[in-house]
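Colleague: Could you take me through one helix crossing in detail, and then show me what lies around it? Take your time over it.

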Amino acid sequence: MAKFEKANSVGEWLDQRLNLTMLNKVMMTEYWIPKNINFLWAMGMVLMTTFMILLVSGIFLLMYYKPDVNMAFDSVNFTIMQDVAYGWLFRHIHGVGASLIFLIIYIHMFTGIYYGSYKRGREMIWLSGMLLFVLFSAEAFSGYMLPWGQMSYWAAYVITNIFGGIPFIGDELVVWIRGNFYVADATLTRFFMLHVLLVPLAILGGIAVHFYSLRIPHVNNQDGEELDYEEEANRYLAGNKKRSKVIPFWPVFMAKDIFVLSAFLFFFFYLVFYNYQFAMDPVNFDPANGLKTPAHIYPEWYFLWSYEVLRGFFFDIGGMKATDIGLAAFGFAQIIFVLLPWLDRSPTVAPANRRPYFKYWFWSMLVVLIILSVYGKLPPTGTNAWIGFYASVVFILMFLALPFITTKEAKATEKANAEKGAK
Amino acid sequence: MADKSRRAFMGKILAGTAGVGAVASLYAMKKTWDPLPSVMSAGFTTVDLSPLEVGKLSIIKWRGKPIFLLKHGSDIERNEARDIVTQDGSYTVVIGLCTHLGCIPEWKKDETKFKCACHGGEYDIYARETFGPPPRPMDIPPFSVKGSSIVLGEEGPEYKKMLTLAKS
């Protein structure tokens with residue numbers, strides 16, 4: 001047993017029992033972050049803060065929301081929006097937060113892709129991040145159902161129907177997920193449970209894993225440089241802060257982070273108070289009606305690209321049904337980003353713009369995703385349908401081509417290095 | 001050695017019991033998500049088709065799904081595999097959901113076709129797909145004919161005959 005002596009302060013008393021000094025060192029003051037980073041490295045903390053804002057606003061909404069098909073719509077649109085003091089504020093924070101957290105997730109994700117932060121020991125960071133993306137998607141989908149408006153209902157209808165495409169068990173699976181032959185009370189209540197308990201719990205666990213996965217490989221830096229963290233840390237601790245390539249997480253890194261976070265929060269609350277409409281689809285202010293399909297069904301902006309891949313294949317090809325191809329393409333789009341560390345065959349960790357071939361791939365992929373998102377919102381008729389089709393095909397082909405492009409790039413880089421060495 | 005094998009034995013017993021418990025729990029959890037008995041048994045609906053007007057679509061609700069009821073005029077050719085025939089005439093009776101992703105198509109009387117607004121699918125008067133992403137005709141619900149009425153949810157001989165026709 002450890003020795004306990006009379007403590008001279010509350011801090012000392014706690015330190016004897018919880019070893020807070022050591023914890024603080026390991027987690028904060030001697031957790032090292034590279035110096036050579038930019039504002040994009042603050043997105044993790046921005047995400048964490050936005051998630052906390054969603055959690056708190058969600059708790060307040062939860063006190064008045066009723067997960068019942070006869071009461072849900074009114075509990076949101078009358079009770080929360082009109083009766084509850086500042087209920088509108090919590091709803092708008094929650095809606096805007098849900099939208100913005102995806103904006104930041106995409107920035108965070110494409111920062112990782114741009115700087116190659118998913119390889120050379122950082123694969124688990126990427127995988128746990130993609131797991132979080134899936135969990136946040138489930139959270140957004142289940143939450144969107146709760147106001148029980150027309151878009152809530154029909155989004156739930158279309159998305160649960162997707163499971164019907166799974167061979168053999170599809171039809172039974174859809175009924176099982178819904179708890180009824182159609183999207184009904186049982187569906188609403190179980191997705192309410194998922195939204196307020198199971199998925200948030202999983203997200204909290206996912207965040208813990210994601211943070212921990214950074215511990216050993218450390219975060220990447222702007223040049224993909226491999227640092228000797230021990231040496232750099234010793235340099236910093238010895239007082240040679242200028243020459244050291246690292247800074248402690250607390251307080252130095254966080255000081256920069258909090259600056260970026262503050263800028264983000266100005267933008268966030270500007271949207272909450274003055275421009276929240278983009279997160280409040282007008283169609284969803286009509287109560288859910290299972291017998292009347294809205295003229296156009298579209299998801300929120302952050303799902304548009306994968307929605308367009310789903311519906312991009314609108315005609316049969318070589319005996320395969322359009323629906324099945326669409327579902328297969330959708331499945332492909334959902335998992336392909338997860339495999340990125342293995343699709344990129346080049347060992348180079350560097351910003352995309354310093355990689356001779358990958359830079360074209362990166363910027364083209366961004367353009368394709370934007371095209372898919374734009375056309376995902378438009379009605380799929382005439383030219384729109386064809387643009388959606390070709391964009392979906394290009395999306396898939398680009399991922400299939402990535403291993404070849406990066407293998408070729410690796411060879412070219414090797415050759416260039418050898419020539420440089422010869423000189 | 002004896003100690004080791006005793007620990008291994010205890011470990012196996014523990015793993016076995018926990019495994020049985022886990023499987024039993026998963027089974028119970030799966031069953032909890034199943035539709036309730038009241039939901040399963042609901043939905044044997046008798047519909048009288050005699051008041052329908054030719055060419056005018058009626059929609060009723062059965063098991064939460066819209067059912068299209070459309071009386072054919074005498075100019076419409078009989079379709080053995082798709083028409084429901086009562087003593088009053090022949091009808092299109094289908095689950096009014098687009099077989100692509102479950103939206104509800106609209107009946108365009110002047111063009112005598114169903115059009116789905118979601119992804120542009122089209123169907124003819126027999127609710128067979130003619131254009132766009134729908135993979136198959138709209139589904140015919142199980143039915144049996146009783147005079148001028150049909151009972152939805154009951155598999156009558158006419159329905160079974162249709163199934164064999166659809167297969168061949």
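**The α12/α16 crossing**

Modeller: In chain A, helix α12 (residues 304-312) and helix α16 (residues 382-422) have axes that come within 8 Å and cross at roughly 105 degrees (lines fitted to C-alpha atoms over the stretch in contact, angles from 0 to 180 degrees between N-to-C directions; helices are DSSP H or I runs of at least four residues, strands E runs of at least two, numbered from the N terminus). So α12(A) sits roughly perpendicular to α16(A) (65 to 115 degrees; under 35 is roughly parallel, over 145 roughly antiparallel, the rest oblique). Bear in mind that this is a predicted model: local features need pLDDT of at least 70 and side-chain atom pairs 80 or more, while totals for chains, interfaces and linings use all residues. Residues count from 1 along each chain as written, chains are lettered from A and ligands numbered from 1 in written order.

On the α12(A) side, the meeting residues are E308(A), V309(A), R311(A) and G312(A). Across from them, α16(A) offers G388(A), F389(A), A391(A), S392(A) and F395(A) (contact: backbone-placed C-beta atoms within 7 Å).

V309(A) turns up again in the largest nonpolar core, which has 93 residues (buried Ala, Val, Leu, Ile, Met, Phe, Trp, Tyr and Cys joined through C-beta atoms within 7 Å; buried is 20 or more other C-beta atoms within 10 Å, exposed 12 or fewer, partly exposed in between). V309(A) shares the top spot for contacts inside that core with A155(A) and V93(B). Helix α7 of chain A (residues 150-162) gives the core its largest share, 8 residues. As for A155(A), setting aside neighbours within four places in sequence, its contacts are Y144(A), I297(A) and P299(A). There's also a second, separate core of 6 residues, with W32(A), I33(A), Y236(A) and F253(A) among them.

Elsewhere in chain A, the peptide bond from W250(A) to P251(A) is cis, omega being near 0 degrees. P251(A) belongs to helix α11 (residues 249-274) of chain A.

V93(B) brings us to the other chain. Chain B puts 22 residues in contact with 24 residues of chain A, and β2 (58-62) and β3 (65-71) of chain B each supply at least two residues to the side that touches chain A. The loop between those strands holds R63(B), a non-glycine with a positive phi of about 50 degrees. R63(B) is partly exposed, with 18 other C-beta atoms within 10 Å. A127(B), also not a glycine, has a positive phi near 65 degrees. A127(B) lies in the loop between β8 (122-123) and β9 of chain B, and with 24 C-beta neighbours inside 10 Å this residue counts as buried.

Terms used
Two residues are in contact if their C-beta atoms, placed from the backbone, lie within 7 Å.
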